[in-house]
2 protein chains.
Amino acid sequence: MEASKIIKGSMSAIILQLLQNNGRMYGYEITKAVRDGSRGKTKITEAALYPALHRLEEAGFLETESEIVDGRIRKYYKLNRQGKKETALQIDALKESILSLQKILKYKLKNG
Amino acid sequence: MEASKIIKGSMSAIILQLLQNNGRMYGYEITKAVRDGSRGKTKITEAALYPALHRLEEAGFLETESEIVDGRIRKYYKLNRQGKKETALQIDALKESILSLQKILKYKLKNG
DNA sequence: TGATTATGCCTAATTTTTTTAGGTATAAAA
DNA sequence: TTTTATACCTAAAAAAATTAGGCATAATCA
């Protein structure tokens, strides 16, 4: 498996938050951000990323603009207003989920 | 969606850790532990749990024993030696993934 | 009494999303 | 000249959850 399972489930939240942090990004840059941001511990494959980007665009959260740089095409993605709302929702949910997860992992039965 | 996406990806680690913490547990008890442990914020459905338990058993990490309590059957699951090893591996990986995730979410481009 | 809730196991079909395994192309570095 | 980095992407398969139930006992509530 390329990405850890926890990253798999957080794919869209990660994409949205990275776009929030950086204004606009292109796909390849996102894969590098995940790799570098985690000091190489975590990777997302392009085969997982691009469909995820397209789903977010399809859902109406992203806008795109293409540029040619050094003879190669780059497709930049950025959040629109709805995307910014969605980012806030997903990141809040994600943070709460992490807290819940940490509590669950410590859970012990009262009668145990 | 019943369980948050992050819980989805951590299903097996959660099950293993709960068994580690509590010696033995039965399915219904695990669903309650997740619900109560997260103060109701997170739930896993039985339709997700039971197949996950069966996969872990199939993989050789769990042993079972059935009992009848109050006229109803209970199937207890507990870790075997290999399951304890696997729990340590998965929990280490999970904790590292959470750290990576938190770093990724803060990531900003150098040239941004 | 009768209906609902809680307890307790489970599965089939569908859906979602990732992985596997590529394709296409330019440019730089070894 | 081959590999690495950059840059987009998809089709088919696999994995795993959700949806939508089934089956059953016991306790609680109206």
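Chain A has 5 helices and 3 strands, where helices (H or I, at least four residues) and strands (E, at least two) are DSSP runs numbered from the N terminus. Walk along the sequence of chain A and you meet them in the pattern α-α-β-α-α-β-β-α.

Before going on, some ground rules: this is a predicted model, so local features need pLDDT of at least 70 and side-chain atom pairs count only at pLDDT 80 or more, while totals for chains, interfaces and linings use all residues. Residues are numbered from 1 along each chain as its sequence is written, chains are lettered from A and ligands numbered from 1 in the order in which they are written, and side-chain values use heavy atoms, with hydrogens and water left out.

Back to chain A as a whole. Its C-alpha trace spans about 65 × 30 × 20 Å along the principal axes. Of its 112 residues, 46% count as buried, meaning under 20% relative accessible area (exposed is over 50%, partly exposed in between, with a 1.4 Å probe and protein chains only). Take the contacts (heavy atoms within 4.5 Å) between residues at least 6 apart in the sequence of chain A: 47% of them join residues at least 24 apart.

Now hop over to chain B for the sheet. Three strands make an open, antiparallel sheet in the order β1-β3-β2, and two strands pair if DSSP finds at least two bridges between them. The edge strands of chain B are β1 (25-26) and β2 (62-69), each pairing on one side only. Between β1(B) and β3(B), residues 72-79, there are 2 bridges, and Met25(B) has Tyr77(B) as its bridge partner in β3(B). Helix α2 of chain B, residues 11-22, lies across β1, β2 and β3, running at about 95° to β3(B); that angle is taken between N-to-C directions on a 0 to 180 degrees scale, with axes fitted to C-alpha atoms and, for helices, over the stretch in contact.

Next, the DNA, beginning with strand D. It is surrounded by 25 residues, and the closest are Tyr26(A), Tyr28(A), Tyr50(A), Arg55(B) and Arg72(B); here a residue is near if one of its heavy atoms lies within 4 Å. Of the atoms of DNA strand D that come within 4 Å of the protein, sugar and phosphate account for 72%. On the protein side, α3 (27-37), α4 (46-58) and β3 (72-79) of chain A, plus α4 (46-58) of chain B, each supply at least two residues of this surface. β3(A) gives the most, with 5 residues.

Some side chains on chain A come within polar range of strand D. An N or O atom of Glu46(A) sits 3.1 Å from a base nitrogen, and one of Arg72(A) is 3.0 Å from a base oxygen. For Lys75(A), the partner is a phosphate oxygen, at 3.0 Å.

What about DNA strand C? Around it are 24 residues, of which Arg55(A), Arg72(A), Tyr26(B), Tyr28(B) and Tyr50(B) come nearest. Sugar or phosphate makes up 71% of the atoms of DNA strand C within 4 Å of the protein, and the rest belong to bases. At least two residues each come from α4 of chain A and from α3 (27-37), α4 and β3 of chain B, with β3(B) giving the most, 5 residues. Phosphate oxygens of strand C lie 2.8 Å from a side-chain N or O atom of Arg55(A), 3.0 Å from one of Arg74(B) and 3.0 Å from one of Lys75(B).

Methods
Polar contact = N/O pair within 3.5 Å; in protein donor to acceptor, adjacent residues only side chain to side chain.
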